[in-house]
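Student: I would like to learn how to read the features of a structure one at a time, with the general idea first and the particular case afterwards. Could we go through one together?

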Amino acid sequence: MKIRIKFTKTGNMRFIGHLDILRYFQKLLRRAEVDVKYSEGFSPHPVMSFAQPLGLGDTSEGEYLDLEVCSSESSAVMLRRLNEKSCPEIQMLRYVKIADETRRSNAMSNVAAADYRILFRQEALDEQAMRSMLAQEMLVVKRKTKTKEVETDIRPMILSWEIQEEGLFVRLATGSAANCKPDTLIEAYDRFRGTASLPFACHFHRLEMYACKDGQFVPLYRLGEELL
């Protein structure tokens, strides 16, 4: 049985890297007595994967973990057991069963877009510059690969945006086909203004991750169903 868990990552846990989060969940699943399925071989480990690693220092209320279990109680019971054993900064929000028909049923393969709220700390958002930049038909940035530096137009990857009182809301393409990180957007914003933001001038908060189903963006947890 394949389970998808939606969880938060806030507070001081934002400084914990992806590999340590993996180890955290391995221990959490044991403490909560989840009947996890283990891999075979000389070094068995829980069969689990994450949708999209979060940048170090970023926070989120829309992280996803897929894992395989041998058996499970109801979603409500499992959420309670996991949250009782977890720290306040990492809390489970959803626990759903998903179909395991193909390899592409995992969250990493499903994810196509993500919502972010970008908060500007040390200086106010230049709304006029941001609006002018996002009005461009093309927004070319330089990206480094293993062997060279290539130019990429990220404008088609900015799916929607809105300037709000608390910062900038954006929905960005996220996945193997197209991927735009929020820090790449801010780099383009700085280049467009002809200035450079101070280190840690922005804080990125991920709100949700989506799959594309029938031409519509659907939160990853909605691809599954709650266990009763």
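Student: Let me begin with a single residue: does Glu33 count as buried or exposed, and at what relative accessibility?

Tutor: This is a predicted model, and what we read from it is computed from its atoms. The general idea is to compare the relative accessible area of a residue with two cut-offs, where under 20% is buried and over 50% is exposed. Glu33 counts as exposed because its relative accessibility is 63%. The backbone of Glu33 also deserves attention, since its phi is positive, about 60°, although Glu33 is not a glycine. As for its place in the chain, Glu33 sits in the loop between H1 and strand E2 (48–50).

Student: Which other residue has a positive phi without being a glycine, and where is that residue found?

Tutor: Asp214 is one, with a phi near 55°, and Asp214 belongs to the loop between E10 and strand E11 (216–219). With a relative accessibility of 73%, Asp214 counts as exposed.

Student: How should I read a helix, and which residues of helix H4 are buried?

Tutor: An α-helix has 3.6 residues a turn, so residues three or four places apart point the same way. In helix H4 (residues 127–134), the buried residues are Ala129, Met130, Met133 and Leu134. These four lie on the same side of H4 because they cover an arc of only 125° around the axis. The cover over the buried residues of H4 includes strand E5 (111–120), strand E8 (158–164), strand E9 (167–173) and H5.

Student: Which residues are buried in helix H2, and what covers them?

Tutor: In helix H2 (residues 75–85), the buried residues are Ser75, Met78, Leu79, Arg81, Leu82 and Asn83, and what covers them includes E1, H1, E4 and E12. After this helix, in the loop between H2 and E4, comes Pro88, which is exposed, with a relative accessible area of 68%.

Student: How do I read the pairing of strands, and which strands pair with E4?

Tutor: For each pair of strands, one reads the sense in which they run and how many bridges join them. E1 and strand E4 (residues 92–98) pair in the antiparallel sense over six bridges, and within this pairing Ile5 has Tyr95 as its bridge partner in E4. E4 is also joined to strand E12 (residues 224–226), again in an antiparallel arrangement, by three bridges, with Lys97 standing opposite Glu225 in E12.

Student: Which strands form a hairpin, and how many residues are between them?

Tutor: That is the case for E6 and E7, which have four residues between them. Strand E6 (residues 140–144) and strand E7 (residues 149–153) run antiparallel and are joined by five bridges, and Lys142 has Glu151 as its bridge partner in E7.

Student: How does separation along the chain relate to separation in space, for instance for Glu226 and Tyr95?

Tutor: The two have to be read side by side for each pair of residues. Glu226 and Tyr95 are 131 residues apart along the chain, and yet their C-alpha atoms are separated by 6.6 Å. Glu226, which has its place in strand E12, counts as partly exposed at 47% relative accessibility. Leaving aside neighbours within four places in sequence, Glu226 is in contact with Ser75, Arg94, Tyr95 and Val96. Pro88 and Cys212, on the other hand, are 124 residues apart in sequence and 31 Å apart in space, C-alpha to C-alpha.

Student: Let me turn to empty space: how many cavities of 30 Å³ or more are counted, and which residues line the largest cavity?

Tutor: For an enclosed space, one reads the volume, then the lining, and then the classes of the lining residues. The count comes to one cavity of 30 Å³ or more, and the largest cavity holds about 80 Å³ of space. Its lining is made by Phe7, Lys9, His18, Ile21, Phe50, Gln52, Pro53, Leu54 and Glu63, and the elements giving two or more residues to that lining are strand E1 (2–9) and helix H1 (18–31). By class, the lining of the largest cavity divides into five nonpolar, two polar and two charged residues.

Student: What is the volume of the second largest pocket, and which residues are closest to its centre?

Tutor: The second largest pocket has a volume of about 270 Å³. It is lined by 15 residues, of which Leu54, Gly55, Asp58, Lys181 and Pro182 are the closest to its centre. Helix H5 (182–193) and strand E10 (202–213) are the elements that give two or more residues to this lining, which has seven nonpolar, four polar and four charged residues.

Note on methods
Residues are numbered from 1 along each chain as its sequence is written. This is a predicted model: local features need pLDDT of at least 70, side-chain atom pairs count only at pLDDT 80 or more; totals for chains, interfaces and linings use all residues. Side-chain values use heavy atoms; hydrogens and water are left out. On a 1 Å grid over the protein atoms alone, a cavity is a set of points where a 1.4 Å probe fits but cannot get out, and a pocket is an open set with protein on both sides within 12 Å along at least five of seven lines; lining residues have an atom within 4 Å of a point. Grid points are joined across faces, edges and corners, and a volume is the space filled by probe spheres set on the points. Ala, Val, Leu, Ile, Met, Phe, Trp, Tyr, Cys and Pro count as nonpolar, Asp, Glu, Lys and Arg as charged, and the others, Gly among them, as polar. Two strands pair if DSSP finds at least two bridges between them. Buried means under 20% relative accessible area, exposed over 50%, partly exposed in between (1.4 Å probe, protein chains only). The arc is that of the directions from the helix axis to the C-beta atoms. Contact means heavy atoms within 4.5 Å.
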